[in-house]
Amino acid sequence: MKKIDILTVRVDSETGEAIRSLAQADERSVAWVTRKLITEALEARKLIKPQDDKKH
């Protein structure tokens, strides 16, 4: 997946802490976890096609 768009988002402290905690537990960056969560939500709503996880 080519990453060409940059999004800046504001979240409440609880959401930010949850994302940082998940990133640390999974040894991933906050950006990676946030991108994955957004992608999963869009796939679940059938707004985008499922991505091939082997490339990640």
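Helices and strands are named here as DSSP runs, a helix having at least four residues and a strand at least two, numbered from the N terminus. On that basis, the protein has two helices and zero strands. The structure on display is a predicted model.

**The whole chain**

Begin with the complete protein in view. Its C-alpha trace spans about 30 × 20 × 20 Å along the principal axes. If a surface is drawn, its accessible area amounts to about 5,300 Å², and carbon and sulfur atoms account for 52% of that. Of the 56 residues, 9% count as buried.

**Before helix 1**

Select Leu7, whose place is in the segment before helix 1. Leu7 counts as exposed because its relative accessibility is 69%. Add Arg35 to the selection: the two residues are 28 places apart in sequence, while their C-alpha atoms are 9.9 Å apart in space.

**Helix 1**

Next, select residues 13–25, which form helix 1. This helix has 13 residues and reaches 18 Å from its first C-alpha to its last, close to the 18 Å expected at 1.5 Å a residue.

Which residues of helix 1 are buried? Gly16, Ile19 and Ala23 are the ones to colour. They cover an arc of only 65° around the axis, and therefore lie on the same side of helix 1. Display helix 2 (30–44) as well, for it is included in what covers these buried residues.

Now turn to the face of helix 1 directed away from its buried side. Here one finds the exposed residues Ser13, Glu14, Glu17, Gln24 and Ala25.

Glu14 deserves a selection of its own within helix 1. With a relative accessible area of 64%, Glu14 is exposed. At its backbone nitrogen, look for Asp12: a side-chain oxygen of Asp12 lies 3.1 Å away and caps the N-terminal end of helix 1. For a view across the model, pick Glu14 together with Pro50; they are 36 residues apart in sequence and 28 Å apart in space, C-alpha to C-alpha.

**The loop between the helices**

Move on to Glu27, in the loop between helix 1 and helix 2. Where does the backbone take a positive phi just after helix 1? It does so at Glu27, with a value of about 55°. Most residues other than glycine have a negative phi. Glu27 is thus a residue to inspect for its backbone, being other than glycine and having a positive phi. Its side chain may be shown too: Glu27 counts as exposed because its relative accessibility is 74%.

**Helix 2**

Select helix 2 again, this time by itself. It has 15 residues, and from first C-alpha to last it reaches 21 Å, close to the 21 Å expected at 1.5 Å a residue.

Within helix 2, choose Thr39. Is Thr39 buried or exposed? At 14% relative accessibility it counts as buried, since the cut-off for that term is under 20%. Show Ile48 and Gln51 alongside: leaving aside neighbours within four places in sequence, these are the residues in contact with Thr39.

**After helix 2**

The last stop is Lys46, in the segment after helix 2. Just after that helix, Lys46 takes a positive phi of about 60°, and Lys46 is a residue other than glycine. Its relative accessibility is 72%, so Lys46 counts as exposed.

Methods
Residues are numbered from 1 along each chain as its sequence is written. This is a predicted model: local features need pLDDT of at least 70, side-chain atom pairs count only at pLDDT 80 or more; totals for chains, interfaces and linings use all residues. Side-chain values use heavy atoms; hydrogens and water are left out. The expected span of a helix is 1.5 Å times one less than its number of residues. Buried means under 20% relative accessible area, exposed over 50%, partly exposed in between (1.4 Å probe, protein chains only). The arc is that of the directions from the helix axis to the C-beta atoms. Contact means heavy atoms within 4.5 Å. A polar contact is a pair of N or O atoms within 3.5 Å; within protein, one must be able to donate a hydrogen and the other to accept it, and residues adjacent in sequence count only if both atoms are side-chain atoms. Accessible areas come from the Shrake-Rupley method with a 1.4 Å probe; for residues, only the protein chains shown count as cover.
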